[in-house]
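User: I am new to this structure and would like a close look at one part of it, namely the way its nonpolar and aromatic side chains are packed. A formal, connected account would be welcome.

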Amino acid sequence: MTAFPPGKNSLNEYGFHFVSHLSRHESVGEVIVFADETPEGPPAPLPGVTAVVSWRFNAVSNLFRLCRAVRREKPDAVLFNLQFATFADTKVAGGLGLLAPALTRLLRTPTGVILHNLADNVDMQDAGFAGSAVMARVMKLAGRALTRALLLANYVALTIPRYVEFVRSSYKARNVLLSPHGSFEEIAVPSFAVPDGPRTILAFGKWGTYKTVDVLIDAYRMLRERGGDDLRLVIAGTDSPNAKGYLASVAEANPDLEGLEFTGYVAEEEVARIFGDAAVVAFPYTSTTGSSGVLHQAGEYGRAAVLPRIGDLVDIIEEEGFAGEYFEPGDPESLAAALSSVLDDEARRDALGRQNFAAATGIPMSEVVHWHVIHLQRILARRSS
């Protein structure tokens, strides 16, 4: 169960690559993708994959639609690819959807969950889920209740070691496991050199809540005013569901800023070009919700990163083997200095790109998929015995 292209909901790229590798696994006869209903239409056919459109973002009926689809298709096991806003940016629809893994297990279907973030580690106000401190507290309590519901699955896999330790200690959970994020593709070593032409600063994501580009644009202005006439800033991606219209407002506020480009949604076949054109990838975040898929992509293409110094984010990044130049969040001067130190130091930029490539490609997606297949096989074997 995952968001899936051509839809643009969160984790659709991860879902696509996971399913692609899963369908090629020697122990898997067929993959049924319980995919999201989107304006772009159903998923394109893939060998060994059957797409069943069975849920829609922000629909309160997702829990019942999904469970009905699982009962109808009768899979041997079901694996959910989730973060806390997978099903909705509204409280009721989002919460109901996250009850699906508990219900599929109650229906006696072996159930696993890949969970990409924790409610305990999300700043609810900064991420756009709460408008006040009181509501943020209520949302945090609701998030803990939903985490307990997710832990009713046969197992829950987290991608960050300290998250596993936290859930085991805070929730007394015995079925939470560590599963690395995995690299999307087993790719050749990329070029670590900066392409000819303007030196490109890339920012990639869903924008408008805790991921905003205002401070990055301010830092970019500073660099251009200091002689960076050969610089270009590319902002790739779309609005966050919680901040519709954000990027349009940013574009309207900066009509004459030379070298500023908005790409809109980046299709899968364009991802390699977007990252390959970049000299550095910037992460102008004010908080974090967990492991960054964009950082993994930047690493796969051998790109240096400029990252915010937020809470335990630095420790999380370095636990996964990544490295970057750090800046103080919300401070354009600090961000400009970090960008300059990478852009103007070829040796530093090259070293960061190589380390991030090694971190991102150390465990290919095929191995992560194999890990999940083994765990689901063990659950099935225990049931049959």
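About how much area does the protein expose, and what share of it do carbon and sulfur atoms supply? Please continue from there to the interior.

Analyst: The model is a predicted one. The protein exposes about 16400 Å², and carbon and sulfur atoms supply 53% of that area. On the inner side of this surface, 55% of the 385 residues count as buried.

The overall form gives the setting for the packing. The protein has 14 helices and 12 strands, and its C-alpha atoms fill a box of roughly 70 × 50 × 40 Å along the principal axes. For 385 residues, a compact globule would have a radius of gyration near 21 Å, and the value of 21 Å found for the protein agrees with this. Contacts often reach far along the chain: among those between residues at least 6 apart in sequence, 72% join residues at least 24 apart.

In soluble globular proteins, nonpolar side chains tend to be buried together. Here the largest nonpolar core has 59 residues, and I201, F275 and L339 touch the most other members. Helix α7, residues 214–225, gives the most to this core, with seven residues. The surroundings of I201 can be followed in detail. Leaving aside neighbours within four places in sequence, I201 is in contact with L216, Y220 and L223, among others. Its partners also include R232, L233 and V234, as well as V280, A282, L339 and L343. L339 thus appears both as a contact of I201 and beside I201 among the residues that touch the most other members of the core. F275, another of these residues, forms one aromatic cluster with F204 and Y301.

Another core, of 36 residues, lies apart from the largest one; L66, V70, L98 and L115 are among its members. L115 is found in strand β4, residues 111–115, and it counts as buried because its relative accessibility is 3%, under the 20% limit. Not counting residues up to four places away in sequence, L115 touches L82, Q83, F84 and L150, together with V156, A157, L158 and T159. One of these contacts, V156, is 41 residues from L115 in sequence, yet the two are 6.8 Å apart in space, C-alpha to C-alpha.

The aromatic side chains add a further layer to the picture. A search of the whole structure finds nine aromatic pairs. F4 and F16 form a tilted pair, with 5.9 Å from centre to centre and 50° between the planes. This pair links distant parts of the chain, since F4 is in the segment before α1 (12–23) and F16 is in helix α1, 12 residues apart. F4 is buried, because its relative accessible area is 4%, whereas F16, at 22% relative accessibility, counts as partly exposed. The rings of W55 and F87 have their centres 5.1 Å apart and their planes at 70°, so this pair is edge-to-face. W55 lies in strand β2 (residues 49–55) and F87 in the loop between β3 (78–82) and α3 (91–97); the two are 32 residues apart, and their pair also links distant parts of the chain. Both W55 and F87 are buried.

An aromatic ring can also have a charged partner. R144 lies over the face of Y171, at 4.3 Å from the ring centre.

Methods. Residues numbered from 1 in each chain as written. Predicted model: local features only at pLDDT ≥ 70, side-chain atom pairs only at ≥ 80, totals over all residues. Heavy atoms only, no water. Phe/Tyr/Trp six-rings, centres within 6.5 Å; stacked < 30°, edge-to-face > 60°. Helix = DSSP H or I, 4+ residues; strand = E, 2+ residues; numbered from the N terminus. Buried < 20%, exposed > 50% of the residue type's maximum accessible area, 1.4 Å probe, protein only. Lys NZ or Arg CZ within 6 Å of the ring centre and 35° of its normal. Rg over C-alpha atoms; globule rule 2.2 N^0.38 Å. Contact = heavy atoms within 4.5 Å. Areas by Shrake-Rupley, 256 points an atom, 1.4 Å probe, with all protein chains shown as cover. Core = buried A, V, L, I, M, F, W, Y, C linked by side-chain atoms within 4.5 Å.
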